[in-house]
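Me: I'd like a close look at a single part of this protein. Could you pick one element and walk me through how it sits among its surroundings?

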Amino acid sequence: MKDKNIRRGGVGTVNEGLQEYAHRLRVMGQLSSAEYAELIRFRDGELLQLLCSYTEQIRKSRPDPSIMWVGTIDLTSYCKNNCYYCGMRRDNRFAERYRMSTEEVVACCLEGLEHGISCFLLQGGEDLWYTPDVVADMIWRICSLSEDVTVLLSLGEKSRAVYQKWRDAGATGYILCHQTANDSFYRKLHPAQMSLLRRKQCLWELKELGYLVGSGFMIGTPYQRVAELADEFAFLRQLAPDIMMVDTFLAANGTPFEQERNGMPDLTYLILSLLRLSFPDIYLPVSQTVELTDREGVLRGVQAGADMVLADLTPEPLRRKYHCFKGRLMRGQTGAGKLEKYRRSLQEAYYEIADIHRRIGQR
Ligand code: SF4
């Protein structure tokens, strides 16, 4: 069957063949790339509903079926790299830049602890202002706040020695999205100075150092075809990360892709459900970008199989600077002041939300 660009959509009806793939995925946890591609290409609301019913069975069968909180802190909007899709890219003269001090980051974590969140993801661009020692001290300070605290990092490609230093300082996990496992597609999204090989090496090093490793990819980027998306499942099976992060592509001002259309949230939900069925035990966050395009995005992501909600603890004026997407987007509901409201909306849909240390220590 002829491949097509997924950005043009791919609506069909659930037929017996797709139902058979979905059922086999539920039972066996695996399909061929061609079969994943069929599910993606001919997705529709009924298929998504069927997949969600299967992911719900998985969630309910767990010893702890609750959804976990992770507090995110967007440390810096500076970056030395120039990824074509990213608003924080070095050459984006429209980007508003900021850096948070260690004291400011610790204050965010304290606010998270007050709301029952003890797992913190420090994320940001590859900003050389944060030396290995500065970050190590920050990790140590956060870990000293409580014995239940877990620190996850997402600060890009570093040397093995730096990863080791941060692990020694107390970091538990590291998220480094590979974006695509396909080299020629990677080169359409990144400048020549960046290398998929190097990124994969970093991921293997992180695994060797005993980190809880996260990786993932973007959905709906320019040039992405169904085949590339379907092939991600084979790479993820090989890498076997602990956390899988998928993001909906959103066009950012001042980037080479600023005129492109945004990715479709429905495709993100479908991919979340396929990931959950393929990898029942992984941590699967619902990304903050989903919430920017769909007011019900977090709930729909959870219904699709996500088990981790990212609560943005970055102070409001800085959070606005971190995201520089174009067009009219929903504002996130995950600021510290709105966490209770957020908890209620999930509870109204019969999901219990809990702190991550209940489960993360079991791995
Ligand atoms: S995607 Fe990451 S590495 Fe690339 S420009 Fe953005 S912040 Fe920098």
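Reply: Happy to; here is a close look at helix 4 and its surroundings. The model is predicted, so local features are taken only at pLDDT of at least 70 and side-chain atom pairs only at pLDDT 80 or more, while totals for chains, interfaces and linings use all residues. Residues are numbered from 1 along each chain as its sequence is written.

The protein chain has 15 helices and nine strands (DSSP runs, H or I of at least four residues for helices and E of at least two for strands, numbered from the N terminus). Helix 4 covers residues 102-114, 13 in total, and spans 19 Å from first C-alpha to last, close to the expected 18 Å (1.5 Å times one less than its number of residues).

Its buried residues are V105, C108, C109 and G112; buried means that 20 or more other C-beta atoms lie within 10 Å of a residue's own, exposed that 12 or fewer do, with C-beta atoms placed from the backbone. Seen down the axis of helix 4, these buried residues fall within an arc of 100 degrees, so they line one face (the arc is that of the directions from the axis to the C-beta atoms). An α-helix has 3.6 residues a turn, so residues three or four places apart point the same way.

That face of helix 4 packs against strand 1 (67-76), strand 2 (119-124) and helix 5 (132-143), a contact being two C-beta atoms, placed from the backbone, within 7 Å. On the other side of helix 4, E103 and E114 are exposed. After the helix comes G116, with a positive phi near 85 degrees.
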